Amino acid sequence: MARRAVGGTGGAGGAARVKAARRPEVRLPPLEPYGGGGLEPDGDYDGLEFAQTDFAGQDGRGARFMDCVLTGCVLDETRLHHARFLDSVLTGIRGVGTDLAESTLRDVELVDARLGGVQLHGAVLERVLIRGGKIDYLNLRTARLKDVVFQGCVLVEPDFGGARLERVEFVDCELKGVDLSAATLKDVDLRGAVSLEIARGVDRLAGAVISPAQLMDLAAVLAAEMGIRVEG
């Protein structure tokens, strides 16, 4: 289930309203400990608790995780292409090169993750909370994000190229070297980002709301995009 958040206001005099993201509200049933044995392609995992499990190099393509908790799991080079995570909580997971391309995350909380080079291109994220942690080189090209909140995390060179973002919020986040090339934004709230560095695609900010201070920080990038020469 998800709860509705009250929308904020933006624009001159608060005339334009930004629709706030609906956050996931995961209510888990009693869970059973995972019995081990490794991931399986198209595996079905329901109501399980995975604690400190090492999935490095394993193949779980097309697997479904529903009403699950993953805590402290290792996902180095784990193949989860086209996997589905539904009504689940992932805490303290870590991994490099995790393949989650074209996967689905719905009503999911991802907490204190430490990931590098994770592949989420073509993925669908709906009612997802990503809180804390650090993700380097996050690939979300052509992904669809709806009702997604990034809170208190560090994103280094995230790639949203060609992605569609709707009702996405960045709260107390550090965004470094963001690529928005060919992205489509609707009701994207960047005002809460503590730092905002856009490397490419600043022209795609239509549909987003930023703060006056962020506008000043982006002034040079915006001027360059518009071909404006600024001389003293």
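# Briefing on the predicted model

A search of the whole structure finds ten aromatic pairs. The structure is a predicted model; the mean pLDDT of the protein chain is 92, and 93% of the residues score at least 70. The points below cover the aromatic residues, strand 7 and its partners, two aspartates, the cysteines, backbone angles and confidence.

**Aromatic pairs and cluster**

- One aromatic cluster is formed by Y34, Y45, F50, F55, F65 and F85.
- F50 and F55 make an edge-to-face pair, because their planes stand at 65 degrees, with the ring centres 5.8 Å apart.
- F50 and F55 are both buried.
- F50 also pairs with F65, again edge-to-face, with 5.9 Å from centre to centre and 65 degrees between the planes.
- Since F50 belongs to strand 7 and F65 to strand 8, this pair ties together parts that are 15 residues apart in sequence.
- Like F50, F65 is buried.

**Strand 7 and its partners**

- Strand 7 covers residues 48-51, and strand 8 covers residues 64-66.
- Side chains alternate along strand 7: L48 and F50 point to one face and are buried, whereas E49 and A51 point to the other face and are not buried.
- The buried F50 of this strand is a member of the aromatic cluster described above.
- Strand 5, residues 32-33, runs parallel to strand 7 and is joined to it by two bridges.
- Within that pairing, E32 stands opposite L48.
- Strand 9, residues 69-71, also runs parallel to strand 7, and three bridges join the two.
- E49 has V69 of strand 9 as its bridge partner.

**D59, in a loop**

- D59 sits in the loop between strand 7 and strand 8.
- The relative accessibility of D59 is 15%, so D59 counts as buried, the cut-off being under 20%.
- A polar contact of 2.6 Å links the side chain of D59 to the side chain of R61.
- Leaving aside residues up to four places away in sequence, D59 touches L39, E40, P41 and R79.

**D189, in a strand**

- D189 is located in strand 18, which spans residues 184-192.
- With a relative accessible area of 14%, D189 is buried.
- The side chain of D189 makes a polar contact with the side chain of R191 at 2.7 Å.
- Apart from residues up to four places away in sequence, D189 touches V18, V168, E169, F170 and V209.

**Cysteines**

- The disulfide count is zero, with the limit for a sulfur pair set at within 2.5 Å.
- C73 is in no disulfide, and its nearest cysteine sulfur, that of C68, is 10 Å away.
- C73 is buried, at a relative accessible area of 0%.
- C153 is likewise in no disulfide; the nearest cysteine sulfur belongs to C173 and is 3.6 Å away.
- That separation does not meet the rule, because a disulfide requires the two sulfur atoms to be within 2.5 Å.
- C153 is buried, with 2% relative accessible area.

**Positive phi angles**

- D87 has a phi near 50 degrees, which is a positive value in a residue other than glycine.
- D87 lies in strand 10, residues 84-91.
- Y137, also not a glycine, has a positive phi of about 55 degrees.
- Y137 is found in the loop between strand 13 (124-136) and strand 14 (144-151).
- Y137 counts as partly exposed because its relative accessibility is 48%, and partly exposed covers values between 20% and 50%.

**Confidence**

- Residues 1-15 have pLDDT under 50 throughout.
- For residues 1-15 the model has 35 contacts beyond four places in sequence.
- Those contacts involve a stretch with pLDDT under 50, while the average for the protein chain is 92.

Terms used. Residues are numbered from 1 along each chain as its sequence is written. This is a predicted model: local features need pLDDT of at least 70, side-chain atom pairs count only at pLDDT 80 or more; totals for chains, interfaces and linings use all residues. Side-chain values use heavy atoms; hydrogens and water are left out. Helices (H or I, at least four residues) and strands (E, at least two) are DSSP runs, numbered from the N terminus. Buried means under 20% relative accessible area, exposed over 50%, partly exposed in between (1.4 Å probe, protein chains only). A polar contact is a pair of N or O atoms within 3.5 Å; within protein, one must be able to donate a hydrogen and the other to accept it, and residues adjacent in sequence count only if both atoms are side-chain atoms. Contact means heavy atoms within 4.5 Å. Rings of Phe, Tyr and Trp (its six-membered ring) pair if their centres lie within 6.5 Å; planes under 30 degrees apart count as stacked, over 60 as edge-to-face and the rest as tilted. pLDDT is the predictor's confidence in each residue, from 0 to 100. Two strands pair if DSSP finds at least two bridges between them.
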